[in-house]
Amino acid sequence: MKNEVKKDDIGAIYGEGKTTAVDNEELIKVNKNIRQHPVEEVGAWLRERMSGMTRVV
């Protein structure tokens, strides 16, 4: 094993003391890029043409 398990690690909560914060500006950029991906544009085009489908949610 590259990283040894220390005696203090046993029984500890995984990731304890680490933050799960996300940079909001970076998240906005990533979401914008996802929405503008060609696959998403094709999906929007296809959904517009499914007039016979009923909305589930």
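## Exercises on a predicted chain

The chain carries 10 positive and 10 negative side chains, and the centres of the two sets are 5 Å apart. The model is predicted. Work through the tasks in order.

**Exercise 1. Overall form**

Task: Find which helices and strands the chain has, and decide whether the chain is spread out or compact.

Solution:
- Start with the elements. The chain holds two helices and zero strands.
- Next, take the radius of gyration. The value is 22 Å.
- Set it against the globule rule, which gives 10 Å for 57 residues.
- The radius is well over that figure, so the chain is more spread out than a compact globule.
- Finish with the spans. Along its principal axes, the C-alpha trace covers about 60 × 25 × 25 Å.

**Exercise 2. Burial and surface**

Task: State what share of the residues counts as buried, and what area the chain exposes.

Solution:
- Buried means under 20% relative accessible area.
- By that cut-off, 2% of the 57 residues count as buried.
- The exposed area is about 6300 Å².
- Of this area, 56% comes from carbon and sulfur atoms.

**Exercise 3. A nonpolar patch**

Task: Name the residues that make the nonpolar surface patch, then place W45 and classify its exposure.

Solution:
- The patch is made by V42, W45, L46, M50 and M53.
- Its area is about 510 Å².
- W45 sits in helix α2, which runs over residues 38–48.
- Now the exposure. The relative accessibility of W45 is 45%.
- Partly exposed lies between the 20% and 50% cut-offs. W45 therefore counts as partly exposed.

**Exercise 4. The salt bridge**

Task: Count the salt bridges, identify the partners, and classify the exposure of each partner.

Solution:
- A salt bridge needs a side-chain nitrogen of Lys or Arg within 4 Å of a carboxyl oxygen of Asp or Glu.
- The count is one salt bridge.
- R49 and E48 are the partners, and their closest N and O atoms are 3.3 Å apart.
- R49 has 48% relative accessibility, so R49 is partly exposed.
- E48 has a relative accessible area of 60%. Exposed means over 50%, so E48 is exposed.
- E48 belongs to helix α2.

**Exercise 5. A distance**

Task: How far apart are E48 and N33, in sequence and in space?

Solution:
- Count along the chain. E48 and N33 are 15 residues apart in sequence.
- Then go from C-alpha to C-alpha. E48 and N33 are 21 Å apart in space.

Note on methods: Residues are numbered from 1 along each chain as its sequence is written. This is a predicted model: local features need pLDDT of at least 70, side-chain atom pairs count only at pLDDT 80 or more; totals for chains, interfaces and linings use all residues. Side-chain values use heavy atoms; hydrogens and water are left out. Helices (H or I, at least four residues) and strands (E, at least two) are DSSP runs, numbered from the N terminus. The radius of gyration is taken over C-alpha atoms; the globule rule is 2.2 Å times the number of residues to the power 0.38. Buried means under 20% relative accessible area, exposed over 50%, partly exposed in between (1.4 Å probe, protein chains only). Accessible areas come from the Shrake-Rupley method with a 1.4 Å probe; for residues, only the protein chains shown count as cover. Lys and Arg count as positive and Asp and Glu as negative; His and the chain ends are not counted. The place of a charge is taken as NZ of Lys, CZ of Arg, CG of Asp or CD of Glu. Patches are made of residues with over 30% relative accessible area and no salt bridge: like charges are joined within 9 Å, nonpolar side chains (Val, Leu, Ile, Met, Phe, Trp, Tyr) within 5 Å.
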